[in-house]
Amino acid sequence: MNKAATALPSPLFPLPDLCHGRMVLRVLVLAQAVAILLAFAPGTLESPWQRLGLISLFIHWIALLSGYSYCKLRPVLSRQRPLTIAASCLLLLFLTTSVVSALAWLWLHDAGILLSQSFLHFILANLMIALVVGLMAIQLGLMHAERNQQLAAQSRAELGALQARIQPHFLFNSLNTAAELTQQDSQAAEQALLNLADLFRAAMHAGEHISLTEEITLARQYLALEQWRLGERMQQNWQLPASLPKLQLPALTIQPLLENAVRHGIESCQYGGSIDIELINSSQSVTIIISNPFLPALDKSRSNGVALVNIRQRLQLYFGDSASLTRSIADGKFRVKLVLPKSQPDSNR
């Protein structure tokens, strides 16, 4: 492996994502709050309820059009500096407000509702309100960016604390295996040491992220080391697609699951057994199922569960609720099921 860990690219400035249903709903709720404040402002002669209907329609059009334009420009804006982003968002809001205000004035003027205000006064008044609302939105955006940066730093620290570690007994076993191989097969001994070096290199960067292809390579290198030690006691059954999907995951996510399968499955059985690794590639996710022999009389699932909890926490920090790790026991087999989403987390996460 040329590179043990590859960090995900991140934008110059983390922008809030207003392009999904939940965020759109929040924008509309805030727009409605502004409409209520304007409709019930003191000093107006018209009925506040009639004003509320017109102002709500007016402001929601501005909010939706501005939000749509922002979503289209977000990939470009995310690569700009904060001052450029703020100026661009204000300009976008001003343009949308001007266009909607002009159309609203023509419609209301023709309907005989807005006869007391001139066209220029109406546009300028609405731009002044847009300026105040825009500055408040920029302040909220800065608070959102600062919070995301704090959460990202906290997540990196927690991932570092939860990073996978090579177990000492595995190190001793692998070194003993390499020592025995030097007397039998020097090339195999060299390959064993190279595999062990790759695993240690990945463990040092376990708080970072690597591709699924690299993770599968590490898993194969780990099982190759155990295969030299266990010999015919352990069989491997890999069921992988012709090409692996491209996605990122925390380094050494699969290897600890295989280590559990070896320690609590193969080593616990007198005659060994088979470790089955199946990867199912769907349109939305990648599912990895690992199964190994299970003997209830030698159940060590409690110590096994410590590693599973650790992996769940690492997946939670990286994927949120999109990934899952479950276990089950059926037909004399202990199975773990790892589901990884193909949609990668936000880079500012």
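1. A residue counts as buried here when its relative accessible area is under 20%. By that yardstick, 40% of the 349 residues in the chain are buried. Bear in mind while reading on that this is a predicted model.

2. On the overall make-up: the chain has 9 helices and 7 strands. Take the contacts between residues at least 6 apart in sequence, and 73% of them join residues at least 24 apart.

3. Start with the helices at the front of the numbering. H1 covers residues 21–39 and H2 covers residues 48–77; their axes come within 8 Å and cross at roughly 145°. The crossing of H1 past H2 is right-handed. On the H1 side, the residues in contact include Val24, Leu28, Ala31 and Ala35, and H2 answers with Leu52, Ile55, Ile59 and Ala63, among others. Sorted by class, this contact has 15 nonpolar residues, 3 polar and 1 charged.

4. The other helix pair to look at is H7 (residues 212–230) with H8 (residues 255–266). Here the axes come within 9 Å and cross at roughly 25°. Angles under 35 degrees count as roughly parallel, so H7 and H8 are roughly parallel to each other. This crossing is right-handed. H7 brings Glu215, Ala219, Tyr222, Leu223, Glu226, Arg229 and Leu230 to the contact, while H8 supplies Gln255, Leu258, Glu259, Val262 and Ile266. That contact splits into 7 nonpolar, 1 polar and 4 charged residues.

5. Now the strands, beginning with E4 and E5. E4 spans residues 273–281, and E5 spans residues 285–293. The two pair in the antiparallel sense over 6 bridges and form a hairpin with 3 residues between them. If you want a spot to check on screen, Glu278 stands opposite Ile289 in E5.

6. E5 has another partner: 9 bridges join it to E7 (residues 333–341), and these two strands run antiparallel. Two of the pairings are worth finding: Ile290 has Val336 as its bridge partner in E7, and Ser291 has Arg335. How many residues of E5 are buried? The count is 8 of the 9, so the strand is largely enclosed by the rest of the structure.

7. E7 also pairs with E6 (residues 324–330), again in the antiparallel sense, over 7 bridges. Ile329 is matched with Phe334 in E7. E6 and E7 form a hairpin with 2 residues between them, and Asp331 in that turn has a positive phi of about 55°. That phi is one to look at if you are going through the backbone by eye.

8. Last, a residue that links the strands to the helices above. Ile277 lies in E4. Is Ile277 buried or exposed? Its relative accessibility is 2%, so Ile277 counts as buried. Leaving out residues up to four places away in sequence, Ile277 touches Leu223, Asn237, Trp238, Gln239, Leu258, Ile288, Ile289 and Ile290. Two names in that list should look familiar: Leu223 of H7 and Leu258 of H8 also take part in the contact between those helices. As for Ile290, its C-alpha is 4.7 Å from that of Ile277, with 13 residues separating the two in sequence. On its E7 side, Ile290 is bridged to Val336.

Conventions
Residues are numbered from 1 along each chain as its sequence is written. This is a predicted model: local features need pLDDT of at least 70, side-chain atom pairs count only at pLDDT 80 or more; totals for chains, interfaces and linings use all residues. Side-chain values use heavy atoms; hydrogens and water are left out. Two strands pair if DSSP finds at least two bridges between them. Helices (H or I, at least four residues) and strands (E, at least two) are DSSP runs, numbered from the N terminus. Axes are lines fitted to C-alpha atoms, for helices over the stretch in contact, and angles run from 0 to 180 degrees between N-to-C directions. A crossing is left-handed if the near helix is turned anticlockwise from the far one by less than a right angle, and right-handed if clockwise. Contact means heavy atoms within 4.5 Å. Ala, Val, Leu, Ile, Met, Phe, Trp, Tyr, Cys and Pro count as nonpolar, Asp, Glu, Lys and Arg as charged, and the others, Gly among them, as polar. Angles under 35 degrees count as roughly parallel, over 145 as roughly antiparallel, 65 to 115 as roughly perpendicular and the rest as oblique. Buried means under 20% relative accessible area, exposed over 50%, partly exposed in between (1.4 Å probe, protein chains only).
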